[in-house]
Amino acid sequence: MATWFIFATSLFLTYLDCCSGSFIGVCYGRSADDLPTPDKVSQLVQLHKIKYLRIYDSNIQVLKAFANTGVELMIGIPNSDLMSFSQFQSNADTWLKNSIIPYYPATKITYITVGAEVTEDPNNASSFVVPAMTNVLTALKKVGLHKRIKVSSTHSLGVLSRSFPPSAGAFNSSHAHFLKPMLEFLADNQSPFMIDIYPYYAYRDSPNKVSLDYALFESSSEVIDPNTGLLYTNMFDSQIDAIYFALSALNFRTIKIMVTETGWPSKGSPKETAATADNAQTYNTNLIRHVINNTGTPEKPGEELNVYIFSLFNENRKPGLESERNWGLFYPDQTSVYNLDFTGRGVVDMTRGANVTKSNRTSWCIASSKAPQIDLQNAVDWACGPGSVDCTAIQPSQPCFEPDSLVSHASYAFNSYYQQNGASDIACSFGGTGVKVDKDPSYDKCIYMRAGNNKTVASNTTAKSSSTSSSSQNEKSFISSVLVTFLLVLLNILRS
């Protein structure tokens, strides 16, 4: 068993070397009568090094245009087709046979969205979503593609009844009839929960409650979640974490989140004063930086989060206010609305740690009182072992042994690891059992380590100082924390 454990760990470390992290994609909407042909769009996408693209149907001309390009496509089944897909398996089989199989794998299709924001659909197609998803998955299984092409459905933030504070995030009970079976489907098939996030609308509709800087990733102040102590410097993170907490409340903690739409309009009606090219460039530039740095969110630091920017072009046939027709990154003539580098190597700041949601004040890392006991024990075992934390202080007769509780002992071990590894968000992860706080948890003679102070009263020894640069320190912390999560899973297996 020990040999297997070592082998699995080595295999995982090898895997880490090839991981690419989170990615940025773009939505290719076609609600316009002046767009370039799919062939020209394909050339534009490749020119700007866009590797991931979402379309809202399975248009044959688009699929052909992206053959042999390496661009990964997310394709969609419109809401209008949900009823037919849900009623008969043969409809899903025929669609797959005629619309997908002839073009795959030359055209790299990786996701199928079954319906889009069905809770916002006036025709109320939500009851058809899960049966349609099931039939599409069955069709994929018949041809052996169910592990290569994931099936899900997209949602608006309206699927939540509450999103602030993030820790109070909860799904709207009126959608329970289809949400619970859909979440079970996603969990069973390792498919992501797809959400469309628009901080622009939150600011536009409530400018007195939401600051523009907070919506644009530009805020210098923080919003504190009173239930968790987590600090937020942008609305995007807050909304994503509200989804995480809503999923957790229903015990769906393993489902990943994917943002299938987000962006900012470059032009609007006279009352839409925030819809400007400058704001759109600021939002999307900061968004790309946030994603490619694998920043994660305060609740899920370092967590992979793939994001699609809406939209590739301005679309002149979209109804509604002026802003609805001006979300594009490009004009129909293929010129840029504003400069944006999708790789993050140009106008986007690639500095590690840039735009990380964190406080400049001293912070500590403690164990969550809500974490399962076995997860805490595994985390403590790792921190005091492979994590190289000096846990002398939590041994009997030592200053931090009392109170003799797992949460107390884990808090001391977590904080020591956190401070020794740069006090970065990812160093307080511990598989989701660690929580950052800005109040010193020290008590009596039990002194918790803090940034810049590597001495502890318990051991009266100085922790090893790092001679590496801050960049390599953060990288080491990131890899170590990811390894923590992996090892915790393996320890659970070994204990069972």
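1. Asn-124 sits in the loop between E4 and H6. In this predicted model, its phi is near 50°, a positive value in a residue other than glycine. Is Asn-124 buried or exposed? Its relative accessible area is 52%, and the cut-off for exposed is over 50%, so Asn-124 counts as exposed.

2. Gln-334 also has a positive phi, near 75°, and is likewise a residue other than glycine. Look for Gln-334 in the loop between E12 and E13. Its relative accessible area is 29%. That makes Gln-334 partly exposed.

3. Now the chain as a whole. The protein chain holds 14 helices and 14 strands. It has 496 residues, and 52% of them are buried. How are the contacts spread along the sequence? Take contacts between residues at least 6 apart in sequence: 73% of these join residues at least 24 apart.

4. Two peptide bonds deserve a check by eye. The bond from Phe-310 to Ser-311 is cis, with omega near 5°. Ser-311 belongs to the loop between E12 and strand E13, which covers residues 364–367. Glu-402 and Pro-403 are also joined by a cis peptide bond, with omega about 0°. Pro-403 lies in the loop between helix H12 (373–384) and helix H13 (406–420).

5. Move to helix H6, residues 129–142, where Asn-135 is found. Asn-135 has 11% relative accessibility. The cut-off for buried is under 20%, so Asn-135 counts as buried. Which backbone oxygen lies 2.8 Å from a polar atom of the Asn-135 side chain? That of Phe-85. Asn-135 also touches Ser-86, Gln-87, Phe-88, Gln-89 and Ala-92, along with Phe-85 itself; residues up to four places away in sequence are not counted here.

6. Thr-433 makes a useful second case. Thr-433 is in the loop between H13 and strand E14 (434–437). Its relative accessible area is 2%, so Thr-433 is buried. A polar atom of the Thr-433 side chain lies 2.6 Å from the backbone oxygen of Phe-430. Beyond its neighbours within four places in sequence, Thr-433 is in contact with Ile-366, Ala-367, Ser-368, Ala-371, Asp-375, Leu-376, Ala-379 and Phe-414.

7. Next, helix H11. With 16 residues at 1.5 Å a residue, H11 should span 22 Å. Its end C-alpha atoms are 22 Å apart, so the expected span and the model agree. How many of the 16 residues of H11 are buried? The count is 12, so H11 is largely enclosed by the rest of the structure. Among the buried residues are Asn-279, Ala-280, Tyr-283, Arg-289 and Ile-292. The cover over the buried residues of H11 includes strand E1 (24–27), H8, helix H9 (212–215), H10, strand E11 (257–262) and strand E12 (306–310). Just after H11 comes Asn-294, with a positive phi of about 55°.

8. Empty space comes next. Rolling a probe the size of a water molecule over the atoms shows where such space is left. The count of cavities of 30 Å³ or more is two. The second largest cavity holds about 60 Å³ of space. Its lining consists of Ser-22, Phe-236, Asp-237, His-290, Val-291, Asn-294, Thr-295, Gly-296, Thr-297, Glu-303 and Leu-305. H10 and helix H11 (277–292) are the elements that give two or more residues to this lining. By class, the lining has three nonpolar, six polar and two charged residues. Note the overlap with point 7: His-290 and Val-291 line this cavity, and both are buried residues of H11. Asn-294, with its positive phi, is in the lining too.

9. Last, a pocket. The second largest pocket contains about 1,300 Å³ of space. Which of its 47 lining residues are the closest to its centre? They are Glu-117, Ser-156, Asp-196, Tyr-198 and Tyr-201. Strand E3 (72–77), strand E4 (108–116), helix H8 (199–205) and helix H10 (235–249) each give two or more residues to the lining. By class, the lining has 17 nonpolar, 16 polar and 14 charged residues. H10 therefore links two points of this note: it gives two or more residues to this pocket, and two or more to the second largest cavity.

Notes. Residues numbered from 1 in each chain as written. Predicted model: local features only at pLDDT ≥ 70, side-chain atom pairs only at ≥ 80, totals over all residues. Heavy atoms only, no water. Helix = DSSP H or I, 4+ residues; strand = E, 2+ residues; numbered from the N terminus. Buried < 20%, exposed > 50% of the residue type's maximum accessible area, 1.4 Å probe, protein only. Polar contact = N/O pair within 3.5 Å; in protein donor to acceptor, adjacent residues only side chain to side chain. Contact = heavy atoms within 4.5 Å. 1 Å grid on protein atoms, 1.4 Å probe; cavity = no way out; pocket = protein on both sides within 12 Å on 5 of 7 lines; lining within 4 Å. Points joined across faces, edges and corners; volume = space filled by probe spheres on them. Nonpolar A, V, L, I, M, F, W, Y, C, P; charged D, E, K, R; others polar. Expected span 1.5 Å × (residues − 1).
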